[in-house]
Every structure is written in C-alpha cells, then in structure tokens.
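Here is a short walk through this model, from a few backbone oddities to the way its parts meet. Have the sequence and the structure open as you read.

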Amino acid sequence: MAGAVRQPIDQEKLERYLEKHAPELKTPLELKQFGFGQSNPTYQVTDATKQRYVLRKKPPGKLLSKTAHQVDREFRIIHALENTDVPVPRAICLSEDDSIIGTSFYVMEFLDGRMFENPCFPGVSEAERKAMWRGAVTILGKLHRIRPKDVDLESFGRSSGFYNRQLKTFTRLAESQAAAKDQDSGEEVGQLPHFNDFLDFFQGSQPQDRSTLVHGDYKIDNLVFHKTEPRVIGILDWEMATVGHPYTDLCNLVSPWTISQATPSWPRIHADTAFLPPLHSKSTASQYPGLPTKGEAVAYYEEAVGFKIPARELTWATSFALFRDSIIFQGIAARYATRQASSEKAVAYGREREPFAEMAFEMVKKVKEAESGRSKL
C-alpha cells in the first residue's frame, strides 16, 4: 500500500517536466510512496483527474553498485514488451536528467490488482489457487519464448555464456566478502563450505546453453493479479532483467519447494511447510488445496516453452541458484561485520549462508551420483 512520502522529491519540477513530456498526467499531482520497491524508491502518482500512475527512481546519494538500480533498463524492457503476450505496465516516459528530481526516473501505468507476498495464495479458492500458479508459470514461459531481436532487445545482454559470467561475478564477490572482518572482534566472515568444490563442479559440465530474456527476480510477489480473476495482469520490478539462461528464472519461481524440501535442518528462513510433499508428516499443503507440486509447476513451464528439461540440468541449475543465494547471504554477513547493516534481521540472514551452501552441495552430490550411475551402465 502507498503511504507517506519517506524520500521527498521536488514535486514542482516533476510537474513541470510531466506537463511537457507526459501531458496525459494532469497536474497538480498527489504523491505517496509504496512500502515495496526499496531498492528503487517507488511512488504512487495521482493526477488531477484521480488517475493513478507509478514513478520509479534511482535512490539518492552515491550508489555502491554500477549495475543495480538501472531504471532505464526497467523502462526499456517494459516498453519493448508492451505489444507482446507478456503482461507489463504501460511505459509512459523516462527521464535521465538528474536535475528534475535528483536521479533518473520513469513513469508507468498503475495496475489496479492484487499482490500476494505468500506464494500459497491464502484466501482464494482451490480452483483459483491452481489457476494463479499455472498462470504465473505460463507467463514466465511466454517471456522465455520471446526472441530479444524481435522486440529490439538484441543489445540487452550477451547471447551466450550466462552461467560462466554469473560464476565469475559471484566467485569474485565471495572472495571479497569472505575477507571482511568484524568491526569488534576482527574475525573474518570466512569462505563458504565446499567453495572450491563448487567452482570445480560449476566450471565443468553445464546445462545446454540457452539464451532468452530473463526477469532476474521472477517470483509471486513481483506479479500483479486481476482484482477478481485468477490471472496475471502485470510483472513488476525488472531492474535485474537481462538476456540470460531461462533456468535462472524458473529456479527462482519454484524456490519455495526447493528451500522447503532441501532444508538440512528445520526450519530455515524462507522454508514453508505448505511446500513440503503432501505425505510429509509436517506438510500443511492440505490447507492450500490447488497448490501444485514442484513437479507440476515444472511441467506447466515445459508445456509453455515447448521443451523438456532434463532432470540433471534442473538439478544443476537448482544447485547453482542455492550457491548464488548463499553468496548473497554471505554478503549480508559481510555488511553486518563492517556495520553497514546492523539490524537483528541482518544477523539472521547472514547466518543462512552456510545452510544454503550445504543445500547447494546436496544438489551437487545428486548430479554426481546420477552421472556415476549412468557411467556404470
């Protein structure tokens, strides 16, 4: 929900800009700020006719990452997808002039629908829950069927070698984060368990190299559903979008099952008993009739994209996704060590690095065991 503006912007300059570049927005404007979109501050803009829009901007101040907060890329991809069967908000205007409101920003259509933080979809019927999950997966398949060159996004990212690039980036991150020392104790954060084994494994046999548009953070809480119908009307938060391997989006979407079922010690952050197999003694899946299994969700995706995913490839991609998550958690631990993050939540998230690495390594062992079994045949 939108509330009080926490990060003020120059409304007078914004109104003058929009009067010239987006005349459909009638001034004066009313501004509120959403609770989500903390990476890129996000505002609800209501014009003089009570029509609502959304403004997304880079955060103020010096940015720590050159690759994050790229609102221009968000604008570019939603604008490119407007005439496809992938539902996105209508892109209205983009400003890269920092003199307007301090940073680059863009304005898009406001989607009046429902958003769900819980991927179990509490409060809906069995038929709706099944349709909403199937719709979410099918829309992802539609995105992955689009050829970048057909929507003028050929230069949006490299056309091959996605996992090798990811491995290089996250290896560099892990090495620098491991060396971070606690401000008080001087103790290093330390490297992830099995780190060198991970590098050897991921540098070896990889899934078939595929190249599609990828969202980068495709999950249920980044989707907007129709107010009364069980269908997706828009995908939000495209700041990590690129050209890459489609498995990265699929693994992210089905992660509730992965994390809940692969957890070495219960419970872990993000694990949910609803995503345990229905016959598991702790499963609460029966409370959410219509919730598919992980296998059913993957089957929906295969139907949507038109190809089968070899079990080994999906396990490999899942292990990489968990490895990547463990490095993200290691980064939180490093920021806490240097007191760039000080909350108890940061401490708890930082501690997840080793369990996620162990989950990833279990997946690595599954791939190796399967390969060993084939080699003996």
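Pro 28 sits in the loop between α1 (11-21) and β2 (30-34). In this predicted model, the peptide bond joining Thr 27 to Pro 28 is cis, with omega at about 5 degrees.

Two other loop residues are worth a look for their backbone angles. Phe 121 is in the loop between β6 (105-109) and α4 (126-145), and Asp 237 is in the loop between β9 (232-235) and β10 (242-244). Phe 121 isn't a glycine, yet its phi is positive, near 55 degrees. Asp 237 isn't a glycine either, and its phi is positive too, at about 60 degrees.

How do these two and Tyr 163 fare for accessibility? Here are the values.

| Residue | Relative accessibility | Class |
|---|---|---|
| Phe 121 | 0% | buried |
| Tyr 163 | 5% | buried |
| Asp 237 | 25% | partly exposed |

Asp 237 also has a partner: Arg 56 forms a salt bridge with it, and the closest N and O atoms are 3.1 Å apart. That leads on to the domains. The domain assignment splits the protein chain into domain 1 (2-110) and domain 2 (115-372), and their centres, taken over C-alpha atoms, are 28 Å apart.

What does the interface look like? On the domain 1 side 19 residues are in contact with 21 residues of domain 2. About 1800 Å² is buried between the two domains, with carbon and sulfur atoms giving 63% of that area. Two salt bridges cross the interface, and six residue pairs, both members at pLDDT 80 or more, are in polar contact between the domains. Helix α2 (residues 71-80) gives the most to the side of domain 1 that touches domain 2, with six residues. Sorted by class, that side of domain 1 has ten nonpolar, four polar and five charged residues.

Now back to Tyr 163, which is part of helix α5 (residues 162-178). Which residues does Tyr 163 contact, leaving aside neighbours within four places in sequence? They are Gln 206, Pro 207, His 245, Tyr 247, Thr 248, Trp 316, Ala 317 and Phe 320. Tyr 163 counts as buried because its relative accessibility, 5%, is under the 20% cut-off.

Last up is helix α8 (residues 255-262). Six of its eight residues are buried, so α8 is largely enclosed by the rest of the structure. The buried ones are Pro 256, Trp 257, Thr 258, Ile 259, Ser 260 and Ala 262.

Key:
Residues are numbered from 1 along each chain as its sequence is written. This is a predicted model: local features need pLDDT of at least 70, side-chain atom pairs count only at pLDDT 80 or more; totals for chains, interfaces and linings use all residues. Side-chain values use heavy atoms; hydrogens and water are left out. Domain bounds come from an automatic or database domain assignment. Contact means heavy atoms within 4.5 Å. Buried area is the accessible area (1.4 Å probe) that two parts lose on being put together, summed over both. A salt bridge is a side-chain nitrogen of Lys or Arg within 4 Å of a carboxyl oxygen of Asp or Glu. A polar contact is a pair of N or O atoms within 3.5 Å; within protein, one must be able to donate a hydrogen and the other to accept it, and residues adjacent in sequence count only if both atoms are side-chain atoms. Helices (H or I, at least four residues) and strands (E, at least two) are DSSP runs, numbered from the N terminus. Ala, Val, Leu, Ile, Met, Phe, Trp, Tyr, Cys and Pro count as nonpolar, Asp, Glu, Lys and Arg as charged, and the others, Gly among them, as polar. Buried means under 20% relative accessible area, exposed over 50%, partly exposed in between (1.4 Å probe, protein chains only).
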